[in-house]
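Hi,

Here's the structure I promised to pass on. Have a look at it first, and then read my notes on the salt bridges below.

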Amino acid sequence: MGNATLEALSKKFTPRKFQRIRKISMDLEEERRKLSILRKPLQTLYYFNLMVWKLILSGIRTTYNRSAVRRSAILSLAVYFGLKVMDGADALESSICFVCWWAGLGILSSIGLGTGMHSGLLFLWPHVFRVVTAAEKCGNTRFEAYSDMWGTRGAGAFQCTLENNSSSGGGGGGGAKSADDTGVFELWKKVSVECFLWGLGTAVGEIPPYALCYSASAVGKKNKDFEEAFETGKDKDKSAISRYMASWLEWMLELVKRHGLIAVVMLSAWPNAAFDMCGMACGHFLMPFWTFFIGLVLGKAFIKVNIQCLVFLTLFKESSRKALLDFLRTHLVVRVPLLADGETRLGDMLSSMIVKNIEQITADGKGVREGNADGSWSMPSPLNFAMLTLVAIFVVSCIEQLARVAKQEEDEAILNESIKKIEKVQ
């Protein structure tokens, strides 16, 4: 229960009745905080499933009540089943999986008010790295890389074909590898679709903060997180860093209020950790949805992700890799005590992992996965284990958050019923 609601109840009821209501509210809130997979797994999963089914049914009702969406869905299903009957749906299914994977990773990266999973570092940029190393091995970009999704890769992913080898000098009469075939622009064309879809997903992931503030502002309510951005700056007891961050947020919000679409494009076109506040500001000032979303797509999917892509492509090229490996070996001289010998340096360990990954990709006639010649899934290194751990932590946090939302809705009904009973007591 919010402070404003408690204040209103304190004026309506006697102190004794108000204390009873407040105690009930605090007990329910404490019970919600205890909801977690480790403490109460069954109860947490129960409320999570409750919320998931509620969202599914709400989406179905919304879709059914909109005739244009309903007709489009029916037409799409009819086309799909027609292709399925004629055995022509494989390409469509592969394309849908491709779009859902990269766009979904983008959504996971930006959704959750700053608690999103860093899917770029975990999936997109490693994919770009594999494309760069495979292109340098083959001398061109004419190899298959689209199957690198959903944690698996095709048997021929990132491998040179006979056509590639002969065209790049592998045959008897071939010439030297052309620098243009592995230039930054050719590499960018190879990964541009994945980067665009990931950037589009990050734009979609910024919609919830905007929608929350827009709904609250439309009915005249205040958003707690949005108001705290200004209160922190006015609090003299806060540290200098906190006041500086608050002044930065205030400037950003004023920029959005004055310049609208242009401000959204400018603020989303670079890695801005505080962009959630920009989305909340756009909702608070009732910016039209399509103005906000178009600004996001232009800034994130067309500008920011392509700048990041060009930076990583340049960094991943062989000449840059050598300089990076030398830097790691020279400067990261901290010893890693958890290893068996205790004498291994951090820079040597990281550089060895990078070199090993490059050797796996560039090895002729081998699958892209370690230990499996058929390209099947395996657990090759502690790095993959760490990646899966991060993904698991993110999934668990999402489950717990949805469970608490469902429990909060139930608690509000219980609290309202308790207030009615207390109100009847003389």
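Lys189 comes out as partly exposed, with a relative accessibility of 41%. Keep in mind that this is a predicted model. Lys189 has a salt-bridge partner, Glu186, with N and O 3.4 Å apart. Glu186 is partly exposed too, at 24% relative accessible area. Both residues belong to helix 8 (residues 184-205), where they sit 3 residues apart, about one turn of the helix. On the theme of partners, Glu29, Glu30 and Arg33 are joined into one network by salt bridges that share partners.

So how many salt bridges does the structure hold? The count is 11.

Another one links Lys40 and Glu31, and there the closest N and O atoms are 2.5 Å apart. Lys40 is partly exposed at 24% relative accessibility, and Glu31 is partly exposed at 27%.

Now find Asp411 and Arg32 in the viewer. Are these two buried or exposed? Asp411 has a relative accessibility of just 2%, so Asp411 is buried, the cut-off being under 20%. Arg32 is buried as well, with 13%. Their side chains meet in a salt bridge, 3.0 Å from N to O. Asp411 is in helix 17 (residues 382-424) while Arg32 is in helix 2 (residues 15-33), so this pair ties together parts that lie 379 residues apart in sequence.

Cheers

Conventions
Residues numbered from 1 in each chain as written. Predicted model: local features only at pLDDT ≥ 70, side-chain atom pairs only at ≥ 80, totals over all residues. Heavy atoms only, no water. Salt bridge = Lys/Arg side-chain N within 4 Å of Asp/Glu carboxyl O. Buried < 20%, exposed > 50% of the residue type's maximum accessible area, 1.4 Å probe, protein only. Helix = DSSP H or I, 4+ residues; strand = E, 2+ residues; numbered from the N terminus.
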